[in-house]
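Reader: I'd love a close look at one part of this protein, the pocket region and whatever packs around it. Could you walk me through it in one go, as you would at the bench?

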Amino acid sequence: MSFSPTRLRALLRKEFIQMRRDRLTFAMMLGVPIMQLLLFGYAINSDPRDMPTALVAPVQDRFGRSFAAALENSGYYRITHPAATAGEAEQLITRGEVAFVVTVPADFGRRMQQGDRPQILVEADGSDPSATSGAIAALPRLADSAFRRDRPAEPAQGAPEIVVHRRYNPEAVTQYNIVPGLLGVILQMTMVMMTAMALTREIERGTMENLLAMPATPAEIMLGKITPFLAVGAVQVLVILGAAWAIFDVPFAGSLGLLLAGVMVFVLALVLLGYLISTAARTQMQAMQIAIFIFLPSVLLSGFMFPFRGMPGWAQALGEVLPVTHLLRLVRAVMLKGAGFADVAPQFAALAVMVAVLGALALLRFRRTLD
């Protein structure tokens, strides 16, 4: 059979018509590249500025004020707690509310006037080394410029010494930051995608009528669908945590029970999100496409790949509505910082709200599907 341009045109016309009818796939083809362009172009910043900082300075003299001004003028530091005590600063860095704690000793001004070389302690939250590396690198020149005007005639050996203490990850080991974050990313990828195909699989196989004929309420059907995935998620959690400890030697400073409780609330939010997707999609392919579309911003805007504080305000607002953002904070706080429930209570509250909202939306959507 010879090549026929007429048949080729007919086949091309048929494919374009089919593509036009599948509006979700067509939207994904255009939406994903545009979203990647916008996120990488505007939201991603590997050198974050205005990092929240707590200042512990028992004596507010001109030397301490000069150093605080130099920190803020650098653009890397934003002193949000200018008169914190040592205990308050410890709580702030444990909860992740500040990225740095700067401690100026009480006798700092007196020793500077005497020509000594006093020390300033800068404690950095090392649970995310990439977020603090730029600010730490700027410290030596900040110390030199801060006191040059205050001590124009002093010898060079009298310059203050900046002591940097990277908390929770002193050696800046990348695995200590990446591996705990992988717990949330892997669960996001598997739980949402598997659950998203729960109802669409029933529709494509023609067993949806049998499911609807059962003497069960929509809530019972939904629970029956998502509970097995909760068990699968629990197994994945144990496997990932075991690998993190046995293979990568990630430290575990907090409570295992607290961590497991937070992760299971996160898994529940994911399976409800997947079930909500399954009520909106008509085919398994559409469900998978929607799950992938949600997965991309979950990785880019959660703080897993890039520093969360380096993103602009609108990107941080989008990241706050993603479950994986709050899980990353919870996991890193418990595993690396040894945080207690009071320190991670905001993350538990955010995940609980997401579970309630997603559960209500999924049940409402499923009831409309039955009608």
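Author: Let's start at Gly96, which comes after helix α4 and has a positive phi, near 80°. This is a predicted model, so please read every value here as computed from it. Within α4 itself, Ala89, Leu92, Ile93 and Thr94 are buried.

Gly96 also takes us to the largest pocket, where Gly96, Asp125, Phe308, Arg309 and Arg329 are the residues nearest the centre, out of 29 that line it. The space in this pocket comes to about 580 Å³. Several elements share the lining: β1 (51-56), α4 (86-95), α6 (129-137), α14 (313-320), α15 (323-337) and α16 (341-370) each bring at least two residues. Among these, α15 gives the most, with six residues. By character, the lining splits into twelve charged, nine polar and eight nonpolar residues.

The second largest pocket has a volume of about 260 Å³. It is lined by 15 residues, and Ile294, Ser298, Leu318, Val321 and Leu322 lie closest to its centre. Here α2 (23-43), α13 (284-300) and α16 each contribute at least two lining residues. The chemistry of this lining is 13 nonpolar residues, two polar and no charged.

Back to helix α15, since His326 has its place there. His326 has a relative accessible area of 6%, and because buried means under 20%, His326 counts as buried. Setting aside residues up to four places away in sequence, His326 touches Glu320, Gln347, Ala350, Leu351 and Met354. There is also a long-range neighbour to look at: Gly262 is 64 residues away along the chain, yet the C-alpha atoms of His326 and Gly262 are 9.6 Å apart.

Now for the packing. In soluble globular proteins, nonpolar side chains tend to be buried together. The largest nonpolar core in this model has 79 residues, and Leu183, Leu187, Leu259, Val263, Tyr275 and Val344 have the most contacts inside it. Helix α12 (residues 256-280) is the top contributor to this core, with twelve residues. If you click on Val344, look for its contacts with Leu258, Leu330, Ala333, Val334 and Ala339, which leave out neighbours within four places in sequence. A second core, separate from this one, has 30 residues, including Leu71, Met112, Ala131 and Leu142.

Aromatic rings add some detail, as the structure holds three aromatic pairs. One of them joins Tyr275 and Phe366: the ring centres are 5.8 Å apart and the planes meet at 70°, so this pair is edge-to-face. Because Tyr275 sits in helix α12 and Phe366 in helix α16, the pair ties together parts that are 91 residues apart in sequence. Tyr275 is buried, at 0% relative accessibility, and Phe366 is buried at 0% as well.

Another pair is made by Phe341 and Phe348, with 5.3 Å from centre to centre and 50° between the planes, an arrangement that counts as tilted. The two partners fall into separate classes of accessibility: Phe341 is exposed at 52%, whereas Phe348 is buried at 13%.

To bring this back to where we began, Gly96 follows α4 and is among the residues nearest the centre of the largest pocket, while α15, the element that gives the most to that lining, also holds the buried His326.

Key: Residues numbered from 1 in each chain as written. Heavy atoms only, no water. 1 Å grid on protein atoms, 1.4 Å probe; cavity = no way out; pocket = protein on both sides within 12 Å on 5 of 7 lines; lining within 4 Å. Points joined across faces, edges and corners; volume = space filled by probe spheres on them. Helix = DSSP H or I, 4+ residues; strand = E, 2+ residues; numbered from the N terminus. Nonpolar A, V, L, I, M, F, W, Y, C, P; charged D, E, K, R; others polar. Core = buried A, V, L, I, M, F, W, Y, C linked by side-chain atoms within 4.5 Å. Buried < 20%, exposed > 50% of the residue type's maximum accessible area, 1.4 Å probe, protein only. Contact = heavy atoms within 4.5 Å. Phe/Tyr/Trp six-rings, centres within 6.5 Å; stacked < 30°, edge-to-face > 60°.
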